[in-house]
Amino acid sequence: IFVVIAVLLTGLIGVYVLNPRFPMAKESFIEIFQEAFLFITALLFWVLVKKLPSEKGGLLLIAGFFSVLWIREMDAFLDFIHHSAWFGAVVAFLIPLFYSVYKSGMKTVLAGLAAFVRSDAFFMMAVGIALLLTYGRMIGSQWLWSMYLTDVKSVHSVRRFIEEAMEL
């Protein structure tokens with residue numbers, strides 16, 4: 001499965017690099033796939049919320065986390081409403097989510113989180129999230145790239161491509 005996904009992603013990035021539309025548009029192939037993968041991940045956890053009622057609270061938190069990442073990634077669409085409208089969408093999402101977690105009880109929160117931490121997927125998920133939230137932001141730093149590239153247009157295009165590809 002890993003090899004198939006690696007070949008697929010390499011091909012997608014290759015198609016994007018060969019695309020004559022440079023610099024990278026706000027919504028690119030890479031961002032569309034990021035949004036799709038985040039949506040699918042969140043959706044799978046929402047399905048588990050229904051299937052495993054004894055772990056509902058913990059699964060709600062995990063599903064909510066990935067849903068918030070998805071909402072944040074959809075900022076290009078939400079910016080049509082207002083700049084940083086994603087923040088309001090996240091707050092509007094979190095209020096009923098936290099109420100649902102509260103209603104499900106602390107017992108299901110601990111059971112759901114403990115079951116996920118004990119699962120085989122946890123380590124890979126934790127490493128991926130750590131890379132996404134730390135290294136992805138660090139490698140996308142304008143300051144870092146401007147030290148090595150002097151052309152401002154090139155800095156933005158290359159930095160953005162590397163950052164988005166790493167996030168994917």
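**Exercise 1. Decide whether Lys-50 is buried or exposed.**

Step 1. Place the residue: Lys-50 sits in helix α2, residues 29-51. Helices here are DSSP runs of H or I with at least four residues, strands are runs of E with at least two, and both are numbered from the N terminus.

Step 2. Apply the cut-offs. Buried means under 20% relative accessible area, exposed means over 50%, and partly exposed lies in between (1.4 Å probe, protein chains only).

Step 3. Lys-50 has 73% relative accessibility, so Lys-50 counts as exposed.

Step 4. Add a distance. Lys-50 and Leu-60 are ten residues apart in sequence, and their C-alpha atoms are 9.7 Å apart.

This is a predicted model: local features need pLDDT of at least 70, side-chain atom pairs count only at pLDDT 80 or more, and totals for chains, interfaces and linings use all residues. Residues are numbered from 1 along each chain as its sequence is written, and side-chain values use heavy atoms, with hydrogens and water left out.

**Exercise 2. Describe the overall make-up of the protein.**

Step 1. Count the elements: there are nine helices and zero strands. The order from the N terminus is α-α-α-α-α-α-α-α-α.

Step 2. Take the burial. Of the 168 residues, 33% count as buried.

Step 3. Take the surface. The accessible surface is about 10,900 Å², and 76% of that belongs to carbon and sulfur atoms. The areas come from the Shrake-Rupley method with a 1.4 Å probe; for residues, only the protein chains shown count as cover.

Step 4. Take the contacts, where contact means heavy atoms within 4.5 Å. Among contacts with a separation of 6 or more, 64% join residues 24 or more positions apart.

**Exercise 3. Work out how α2 packs on α3.**

Step 1. Know what to report. Two packed helices are described by the angle between their axes and the distance between the axes. Axes are lines fitted to C-alpha atoms, for helices over the stretch in contact, and angles run from 0 to 180 degrees between N-to-C directions.

Step 2. Read the pair: α2 and α3 pack at about 165°, with axes 8 Å apart. That angle makes α2 roughly antiparallel to α3. The classes are: under 35 degrees roughly parallel, over 145 roughly antiparallel, 65 to 115 roughly perpendicular, and the rest oblique.

Step 3. Give the hand. The crossing of α2 and α3 is left-handed. Left-handed means the near helix is turned anticlockwise from the far one by less than a right angle; clockwise is right-handed.

Step 4. Name some residues. From α2, the contact includes Leu-38, Phe-39, Ala-42, Phe-45 and Trp-46. From α3, the contact includes Leu-59, Ile-62, Phe-66, Ser-67 and Trp-70.

Step 5. Sort by class. The contact of α2 with α3 has 14 nonpolar, four polar and four charged residues. Ala, Val, Leu, Ile, Met, Phe, Trp, Tyr, Cys and Pro count as nonpolar, Asp, Glu, Lys and Arg as charged, and the others, Gly among them, as polar.

**Exercise 4. Describe the packing of α3 with α7, then with α6.**

Step 1. Start with α7. Helix α3 (residues 56-73) and helix α7 (residues 121-139) pack at about 30°, with axes 14 Å apart. That makes α3 roughly parallel to α7. Their crossing is left-handed.

Step 2. List the contact: Phe-65, Phe-66 and Leu-69 of α3 meet Met-125, Ile-129 and Leu-133 of α7. The classes are six nonpolar, no polar and no charged.

Step 3. Move to α6. The axes of α3 and helix α6 (residues 106-118) come within 5 Å and cross at roughly 65°.

Step 4. List the contact. Lys-56, Gly-57, Gly-58, Leu-59, Leu-61 and Ile-62 of α3 meet Thr-108, Val-109, Gly-112, Leu-113 and Phe-116 of α6. By class, the contact of α3 with α6 has six nonpolar, four polar and one charged residues.

**Exercise 5. Place three serines and one valine.**

Step 1. Ser-67 lies in α3. Its relative accessible area is 9%, so Ser-67 is buried. Beyond neighbours within four places in sequence, Ser-67 contacts Ala-42, Trp-46 and Phe-93.

Step 2. Ser-104 lies in helix α5, residues 85-104. At 18% relative accessibility, Ser-104 counts as buried. With the same neighbours left aside, Ser-104 contacts Lys-56, Gly-57, Leu-60 and Val-109.

Step 3. Ser-84 lies in the loop between α4 (75-78) and α5. Ser-84 counts as partly exposed at 35% relative accessibility. Ser-84 has a positive phi of about 70°, although it is not a glycine.

Step 4. Val-90 lies in α5. Val-90 is buried, at 7% relative accessible area. Leaving aside neighbours within four places in sequence, Val-90 contacts Val-68 and Ile-71.
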